[in-house]
Amino acid sequence: MKREEIPGLPNQADDRGVLRFLTCGSVDDGKSTLIGRLLYDTKTLLSDTLATLERTSAKRGLSALDLSLLTDGLVAEREQGITIDVAYRYFATARRKFIIADAPGHEQYTRNMVTAASTADVAVLLVDARKGVLPQTKRHATLATLLGIRQLIVAVNKMDLVDFARDRFETIRADFQSWLARRTGVAVDVRYIPISALEGDNVVDRGVQLAWYEGPTLVELLEDAPSEQLNIESPARLPVQWVCRPALSDFRGYAGRLEAGTLSVGDEVVVLPGGLRSRVTRIAIGETELPLAVAGQSVMVSLADERDVSRGDTIVRSDQTAPAQRQQLTAVLCWLSATPLSTARSYVLQHTTRSVKSRVTSVDARLDIHSLEWTPDGNAVVLTDALELENLDLIILPVSSNDRMHERFLA
């Protein structure tokens, strides 16, 4: 069933849901300024925030607003003029709501970028028009795709510092395309756009200086970008987060977020891993009853039969392909702990709403963070390493065959 065929849902052209995206790239490419420009030009800033920004910019002797101050909140960030921690900001347009993650560009804080990318649908990869594609640009692009992001927007920033030259933009696009073509195994949808975050050209509004660019603005690209929350055509997957059983009541409900597909009243379902069967008798959000739930909604579901359903179980439709149950799997993992990985230790793996113990039995390869090449290496894994693991010794029930949760194991 397609979204437009579901009764009661707003038209996709008018409501695209929430989009999570991150800004990434090398240090000083203008990520924080870009987010500030998005917030400023979409009229998201409150009057007191804007007044504080004006005063701070004036104290620094600036003739214009320093929009990067909207995301660089740490004292060390303001002193050094760099982003250290991941900053999250929110804004909305008439068509969509957005959650932005501003990732640090400095190599030392690459692990922070991994954290931001782990929940993003789209990566806005900034490139300084003067410097072109740098090693950190490639590193962030590689990590973004490694973490399951399949949509890249390469924003060539600071076009105002190269006289808005079209040939400079085309050179950077050709360089990135040439590098990306040499990367194998990952299909990525890449869009290119010239912008000036400082001046606001092609961010929310079009700029006269970039009239030669006829494509959509950055906001228009983001408004039209697909979101994982709209994954309604996949088989239904409802991990149970909470069992509601009020005292002195016969009511029993199972609450959770529908991660994929649709679920309707009357659907025959199977509760995994036990395999118990029943039928959906009620779907509700708060006090409002619904005939149907779609991916991205958090709902309370009641079943026709009293079944032993617990937190961590997964409700699926019996007429759709069931997820495979397995005890071992191969995974790509980004190691964020300062303590090296050890095959002698047990680790906790978050699987849907359940935590299970796991054990790494072998390390197949390590991604060299400098050369971006995979090399066989069974030695200890250290901070910010990306590695390919084999045969994690655990019982795992995938939520969905195409759910990116299984591409994003973060320790």
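Which residues of H4 are buried? In this predicted model, they are Thr110, Asn112, Met113, Val114, Ala116 and Ala117. Let's start from that helix and work outward.

## Helix H4

H4 is mostly covered, with six of its eight residues buried. Two of the buried residues lead on to other parts of this report. Met113, buried in H4, is one of the residues that touch the most other members of the largest nonpolar core. Ala116, also buried in H4, helps to line the largest cavity.

## The largest nonpolar core

This core has 38 residues, and the ones touching the most other members are Leu22, Met113, Met159 and Phe176. Several elements each supply at least two of its residues: the strands are S1 (18-25), S4 (122-128), S5 (151-157) and S6 (189-194), and the helices are H4 (110-117), H5 (135-146) and H6 (166-181). Apart from this core lies another, of 25 residues, with Phe91, Leu126, Ile193 and Val219 among them.

Phe176 deserves a visit of its own. Leaving aside residues up to four places away in sequence, Phe176 touches Leu125, Val133, Ala141, Leu152, Val154, Val190 and Tyr192.

## The cavity

How many cavities of 30 Å³ or more does a search of the whole structure find? There is one, and the volume of the largest cavity is about 40 Å³. Its lining is made up of Arg20, Phe21, Tyr88, Ile99, Ile100, Ala101, Ala116, Thr119 and Ala120.

Two elements, S1 and strand S3 (97-102), give two or more residues to this lining. S3 provides the largest share, three residues. By character, the lining residues divide into seven nonpolar, one polar and one charged.

## The S18 and S19 hairpin

Now for a look at a pair of strands further along the chain. Strand S18 (residues 346-351) has two contrasting faces: Tyr347, Leu349 and His351 form the covered one, while Ser346, Val348 and Gln350 form the uncovered one. Such a pattern is easy to follow because side chains in a regular strand alternate between the two faces of the sheet.

S18 pairs with strand S19 (residues 354-359) in the antiparallel sense, over six bridges. His351, on the covered face of S18, has Arg354 in S19 as its bridge partner. Two residues lie between the strands of this hairpin, and Thr352 takes a positive phi near 50 degrees there.

Note on methods. Residues numbered from 1 in each chain as written. Predicted model: local features only at pLDDT ≥ 70, side-chain atom pairs only at ≥ 80, totals over all residues. Heavy atoms only, no water. Core = buried A, V, L, I, M, F, W, Y, C linked by side-chain atoms within 4.5 Å. Buried < 20%, exposed > 50% of the residue type's maximum accessible area, 1.4 Å probe, protein only. Helix = DSSP H or I, 4+ residues; strand = E, 2+ residues; numbered from the N terminus. Contact = heavy atoms within 4.5 Å. 1 Å grid on protein atoms, 1.4 Å probe; cavity = no way out; pocket = protein on both sides within 12 Å on 5 of 7 lines; lining within 4 Å. Points joined across faces, edges and corners; volume = space filled by probe spheres on them. Nonpolar A, V, L, I, M, F, W, Y, C, P; charged D, E, K, R; others polar. Pairing = 2+ DSSP bridges.
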